Amino acid sequence: MRLRGLLCAAALWMSLADNALGATPGPAPPAADRKLARDIFKELIEINTTHAHGSTAAAMAIRDRLLAGGFPVDDVVMIAPPEHPTKGNVVVRLRGTGKGQPVLFIGHLDVVEARAEDWTFDPFKLTEKDGWFYGRGTIDMKDGDAAMLESLIRLRREGFRPARDLIVAFTADEEAGGDANGPAFLLKSHRDLIDASLVINLDGGGGAYRNGARAYLQIGTSEKTYVTYTAETTSPGGHGSLPGPDNAIYRLADGLSRLERFQFPVMLTATTRASFEARAELPRGADSADMHAVAPTPPDLAAADRLSRNVYFNAQLRTTCVATLIAGGHAENALPQRARATIQCRMLPSDSEQHLHAALAGVLDDPKITLTLDATPIVSPESAPTPAIMSRLARAVHSMWPGVPIVPTMSTGFSDDRQTRNAGIPSYDLSGIWIDADENRAHGRDERVGVEEFDESVEYTYRLMRILSQAG
């Protein structure tokens with residue numbers, strides 16, 4: 001789709017915004033469904049699905065609830081790689097009338113590690129306090145898993161039959177570990193189970209509060225790719241009492257200082273152009289003119305420079321690289337023989353590893369510093385925010401929160417979208433959770449989600465499934 005069309009569409013979506021929209025609660029599911037969703041949420045939070053424990057126990061719990069909810073045995077498939085039996089996945093299909101290709105919802109079951117001594121609450125117990133649910137996975141992303149599971153059970157109970165099959169895959173190993181990623185395994189070995197024309201991922205996107213009001217809801221249409229390098233240099237070493245000009249630590253430090261001062265060139269994508277144009281229409285004040293100025297081709301580089309003072313906008317405007325680990329030397333009384341640093345990059349979808357490697361080598365600017373790629377990156381394309389997907393999303397969103405602006409977004413992190421996008425399936429992040437724009441406790445201490453926000457997300461997910469599983 002041409003950029004002009006994207007920007008015009010973004011302006012149209014933003015024109016629906018009601019700037020006086022407050023944070024009044026949106027519709028909640030019926031009482032019985034609200035209770036069921038909370039019960040499922042509690043059960044999933046209290047199953048430890050960190051990398052060491054795996055996801056099979058949670059997948060089994062989901063399978064049992066689906067079967068109890070009336071799904072046929074043949075439509076609920078529990079599967080794990082033979083070499084990783086603890087990394088279980090469960091795939092369920094709500095069969096449609098065959099009037100279109102299936103739509104696939106995905107959600108990962110694993111969570112990052114959490115140490116009880118670091119938390120105010122037990123991270124593997126769901127705790128409700130002062131309008132919040134606390135626990136590991138409450139925002140990333142067992143809230144979404146619970147919403148999808150409850151919505152499926154509700155749709156089945158109501159006798160809903162979609163125009164096209166509705167598939168939901170609850171998967172393993174999206175977080176740290178990565179030895180048995182669920183979507184990658186399913187796409188490679190069991191694609192028939194999840195083959196679809198559209199993927200919806202609740203592990204991204206979502207609503208943002210500003211000053212207690214609903215500011216906008218994001219739809220994730222692309223994401224950066226992480227690329228990790230090791231920079232290393234050596235020197236002869238020697239006795240610490242006889243320092244000389246050839247010091248591995250100093251040489252590496254000089255190169256890293258050059259990296260600290262370096263900015264990759266501004267490089268916008270279809271998503272980030274549409275996103276800046278849409279954000280410019282929000283009541284944010286001084287940044288609006290600069291956001292309008294960077295959206296055209298070519299962008300206004302002075303405006304980009306001003307926006308880059310905000311770390312989030314800087315990450316939207318360019319590829320970034322930063323030193324994250326460093327080691328050097330072998331004894332306190334000896335000159336260093338070796339020094340190395342880990343450089344973590346987040347690469348734009350339109351960039352390439354070859355270009356990135358060359359740029360980094362030029363910045364380090366020392367032939368004695370070797371630069372090694374740690375692992376081949378998984379680069380995924382954009383899924384354009386087309387009018388077709390945006391109009392259907394708007395139906396679900398505005399049935400819940402009338403007039404809220406919808407903003408296309410490029411994630412600076414990564415998700416399982418990289419698997420499905422590389423399989424040729426357009427994939428969008430469409431969480432219904434609202435959080436404060438300045439708070440994100442995913443992966444952190446005392447992870448939490450609002451109680452009302454969780455209830456709303458359950459109803460939103462149910463409506464989203466109904467709308468997106470229809471023909472068209």
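The following conversation goes through selected features of this predicted model.

Reader: Before we start, what should I know about the model and its numbering?
Author: This is a predicted model, in which local features need pLDDT of at least 70 and side-chain atom pairs count only at pLDDT 80 or more, while totals for chains, interfaces and linings use all residues. Residues are numbered from 1 along each chain as its sequence is written, and side-chain values use heavy atoms, with hydrogens and water left out.

Reader: Thanks. Is strand E6 buried or exposed?
Author: Strand E6 covers residues 166-171, and 6 of its 6 residues are buried, so the strand is largely enclosed by the rest of the structure. Strands (E, at least two residues) and helices (H or I, at least four) are DSSP runs, numbered from the N terminus. Buried means under 20% relative accessible area, exposed means over 50%, and partly exposed lies in between, using a 1.4 Å probe and protein chains only.

Reader: Which residues sit on each side of E6?
Author: Leu166, Val168 and Phe170 are on one side, and Ile167, Ala169 and Thr171 are on the other. Both faces are covered.

Reader: And which strands pair with E6?
Author: Strand E2 (residues 89-94) pairs with E6 in the antiparallel sense over 5 bridges, and Val92 stands opposite Val168. Strand E3 (residues 103-108) pairs with E6 in the parallel sense over 6 bridges, with Leu104 opposite Ile167. Two strands count as paired if DSSP finds at least two bridges between them.

Reader: What comes in the loop after E6?
Author: Asp173 is in the loop between E6 and helix H5 (182-189). Its phi is near 65 degrees, a positive value in a residue other than glycine. Asp173 is buried, with a relative accessible area of 4%.

Reader: Where is Asn211, and is it buried or exposed?
Author: Asn211 is in the loop between strand E8 (206-210) and strand E9 (213-223). At 85% relative accessibility, Asn211 counts as exposed. Its phi is near 55 degrees, again a positive value in a residue other than glycine.

Reader: New topic: how many aromatic pairs are there?
Author: The structure holds 11 aromatic pairs. Rings of Phe, Tyr and Trp (its six-membered ring) pair if their centres lie within 6.5 Å; planes under 30 degrees apart count as stacked, over 60 as edge-to-face and the rest as tilted. One of the pairs is Phe41 and Phe454, whose ring centres are 4.4 Å apart with planes at 10 degrees, so this pair is stacked.

Reader: Why does that pair tie together parts far along the sequence?
Author: Phe41 lies in helix H2 (residues 31-45) and Phe454 in helix H15 (residues 451-468), so the pair ties together parts that are 413 residues apart in sequence. Phe41 and Phe454 are both buried.

Reader: And how are the rings of Phe276 and Phe313 arranged?
Author: Their centres are 5.9 Å apart and their planes are at 55 degrees, so the pair is tilted. Phe276 is in helix H8 (residues 270-280) and Phe313 in helix H11 (residues 311-317), 37 residues apart. Both Phe276 and Phe313 are buried.

Reader: How much of H8 is buried?
Author: In H8, 10 of the 11 residues are buried, so the helix is largely enclosed by the rest of the structure.

Reader: Back to a loop: where is Asp140, and what does its side chain contact?
Author: Asp140 is in the loop between strand E5 (132-134) and helix H4 (142-158). At 10% relative accessibility, Asp140 counts as buried. Its side chain makes polar contacts with the side chains of His108 at 3.2 Å and His443 at 2.9 Å. A polar contact is a pair of N or O atoms within 3.5 Å; within protein, one must be able to donate a hydrogen and the other to accept it, and residues adjacent in sequence count only if both atoms are side-chain atoms.

Reader: What kind of peptide bond joins Asp140 and Met141?
Author: Asp140 and Met141 are joined by a cis peptide bond, with omega about -15 degrees. A cis peptide bond also joins Thr297 and Pro298, with omega about -5 degrees. Pro298 is in the loop between helix H9 (287-294) and helix H10 (301-307).
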